[in-house]
Amino acid sequence: MTVPLTPSDRIAAVDSVIRGRRTCLQVDPDRRVERDVVAELCDLATWAPNHRRTEPWRFAAFDGDGRERLGDCLADALAARGAPPERVTKTRRKYLRAPVVVVVATSLGVDEVDTAERRDAVAAGVQNLLLAATARGLASFWSSVPVPDASELLDLCGFESGARAIAAIYLGHPTGECPPPPRRRAAVGWIS
Ligand SMILES: Cc1cc2nc3c(=O)[nH]c(=O)nc-3n(C[C@H](O)[C@H](O)[C@H](O)COP(=O)(O)O)c2cc1C
C-alpha cells in the first residue's frame, strides 16, 4: 500500500532535490545507467511548461560506443571549423567520462519569439530531467554543446535541420560529491 505524502513531506522532498542537485562529473563511467531510466528522465522533461504546446524537445541518448561517435562527430565538426587542435583532441574523448550522455535540442520556431519560447521550454525540461536524475540518486552535469547547430551533429542525433542542441547531459552513478557553489539569496523587488 502506498502511503500518500503529507504536504510538508512533499515540500521537504522537492526542496531537498532542488537544493541537492549539483553539476557533478564524479561518476563511474563503467557502471551502466539503465536505458529505461534514461527514457523515463526524458519523458519527465516533457512535463515542463510549453507555450502553445509545440513540444520542442528532442532527445538523443549515447551510451557504449555511441559516446565515442558523439565525440568524433563534434571533434570533426570543430576541426572543420578551424578550432584549435587541443580543443579538438579534448572533445573527441570527453563524452567517455560518463556512461550516458543525453543530447537535448530545441526545434526551430516560426519566428524569433517562438524560437526563444521553445528554447525556454526545453531548458525547463532539462531542469526536470536533472531533478528527476537527482531524485533517483544519479549524478548529472549540464554541459554546453560545441557547434550546437552543426548538420553533422543533427544528423547523428536524428534531429531535423534547424534544431539546436542546448545541452549535453552527462549522467552516471556518483563516486563522490561536488560541493555546492555559493549562491546569493534571491533579491525580490515587491511592487504594490
Ligand atoms: C546553459 C548551461 C550550460 C552549461 N554549460 C556548462 C559547461 O559547458 N561546462 C560546465 O562546467 N558547466 C556548465 N554548466 C553548469 C554550470 O556551470 C553550473 O550549473 C553552475 O556552475 C552552478 O553549479 P550547480 O549546477 O552545481 O548549482 C551549464 C549550465 C547551463 C544552465
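# Exercises on a predicted model

Residues 24 or more positions apart supply 79% of the protein's contacts with a separation of 6 or more. The model is predicted, and the exercises below work through its layout, its core, its helices and its ligand shell.

## Exercise 1. Overall layout

Task: State how many helices and strands the protein has, give their order, and decide how the radius of gyration compares with the globule rule.

Solution.

Step 1. The secondary structure amounts to six helices and four strands.

Step 2. Along the sequence these elements follow the pattern α-α-β-α-α-β-α-β-α-β.

Step 3. The radius of gyration is 18 Å, and the globule rule gives 16 Å for 192 residues; the two are close, so the protein is as compact as a globular protein of that length.

Step 4. The C-alpha trace spans about 55 × 45 × 40 Å along its principal axes.

Step 5. Of the 192 residues, 31% count as buried.

## Exercise 2. The nonpolar core

Task: Find which residues have the most contacts inside the largest nonpolar core, then follow the contacts of valine 102 and phenylalanine 59.

Solution.

Step 1. The largest nonpolar core has 47 residues, and Val101, Val102, Val104, Ile169 and Leu171 have the most contacts inside it.

Step 2. Two or more residues of this core come from each of helix H2 (35-45), E1, H3, E2, helix H5 (112-135), strand E3 (139-143), H6 and strand E4 (164-172).

Step 3. In soluble globular proteins, nonpolar side chains tend to be buried together.

Step 4. With neighbours within four places in sequence left aside, valine 102 is in contact with Val38, Cys42, Phe59, Ala61, Ile169 and Leu171.

Step 5. Phenylalanine 59 lies in strand E1. There are 22 other C-beta atoms within 10 Å of this residue, and the cut-off for buried is 20 or more, so phenylalanine 59 is buried.

Step 6. Not counting residues up to four places away in sequence, phenylalanine 59 touches Cys42, Val102 and Val104.

Step 7. For the pair phenylalanine 59 and valine 102, the separation is 43 residues in sequence and 6.6 Å in space, C-alpha to C-alpha.

## Exercise 3. Three helices

Task: For H1, H3 and H5, check the end-to-end span against the expected one, and list the buried residues of H3 and H5.

Solution.

Step 1. H1 has 14 residues, which should span 20 Å at 1.5 Å a residue; its end C-alpha atoms are 20 Å apart, in agreement. The count of buried residues in H1 is zero, and the helix is hardly covered.

Step 2. One residue of H1 (residues 7-20) is isoleucine 18. It has 12 C-beta neighbours inside 10 Å and therefore counts as exposed. Its C-alpha atom is separated by 16 Å from that of glutamate 177, which is 159 residues away along the chain.

Step 3. H3 (residues 66-80) has 15 residues and reaches 21 Å from first C-alpha to last, close to the expected 21 Å. Its buried residues are Arg67, Leu70, Cys73, Leu74, Ala75 and Leu78. They pack against strand E1 (57-63), helix H4 (85-94), strand E2 (100-106) and helix H6 (151-157).

Step 4. H5 has 24 residues with an expected span of 34 Å; its end C-alpha atoms are 35 Å apart, which agrees. Arg118, Ala121, Val122, Gly125, Val126, Leu129, Leu130, Ala132 and Ala133 are buried in H5. These residues pack against H2, E1, E2, E3 and E4.

## Exercise 4. Positive phi angles

Task: Locate glycine 82, glycine 137, arginine 53 and glutamate 55, and give the phi angle of each.

Solution.

Step 1. Glycine 82 comes just after H3 and takes a positive phi of about 80°. Glycine 137 comes just after H5, also with a positive phi of about 80°.

Step 2. Arginine 53 is not a glycine, yet has a positive phi of about 45°. It sits in the loop between H2 and E1, and it is exposed, with 8 other C-beta atoms within 10 Å.

Step 3. Glutamate 55 is not a glycine either, and has a positive phi of about 45°. This residue is in the loop between H2 and E1. Having 13 other C-beta atoms within 10 Å, glutamate 55 is partly exposed.

## Exercise 5. The ligand shell

Task: List the residues that surround the ligand and sort the shell by class.

Solution.

Step 1. Arg22, Thr23, Trp142, Ser143, Ser144 and Pro181 surround the ligand.

Step 2. By class, this shell holds two nonpolar, three polar and one charged residues.

Terms used
Residues are numbered from 1 along each chain as its sequence is written. This is a predicted model: local features need pLDDT of at least 70, side-chain atom pairs count only at pLDDT 80 or more; totals for chains, interfaces and linings use all residues. The expected span of a helix is 1.5 Å times one less than its number of residues. Two residues are in contact if their C-beta atoms, placed from the backbone, lie within 7 Å. The radius of gyration is taken over C-alpha atoms; the globule rule is 2.2 Å times the number of residues to the power 0.38. A residue is near a molecule or strand if its C-beta atom, placed from the backbone, lies within 6 Å of it. Ala, Val, Leu, Ile, Met, Phe, Trp, Tyr, Cys and Pro count as nonpolar, Asp, Glu, Lys and Arg as charged, and the others, Gly among them, as polar. A nonpolar core is a set of buried Ala, Val, Leu, Ile, Met, Phe, Trp, Tyr and Cys residues joined through C-beta atoms within 7 Å.
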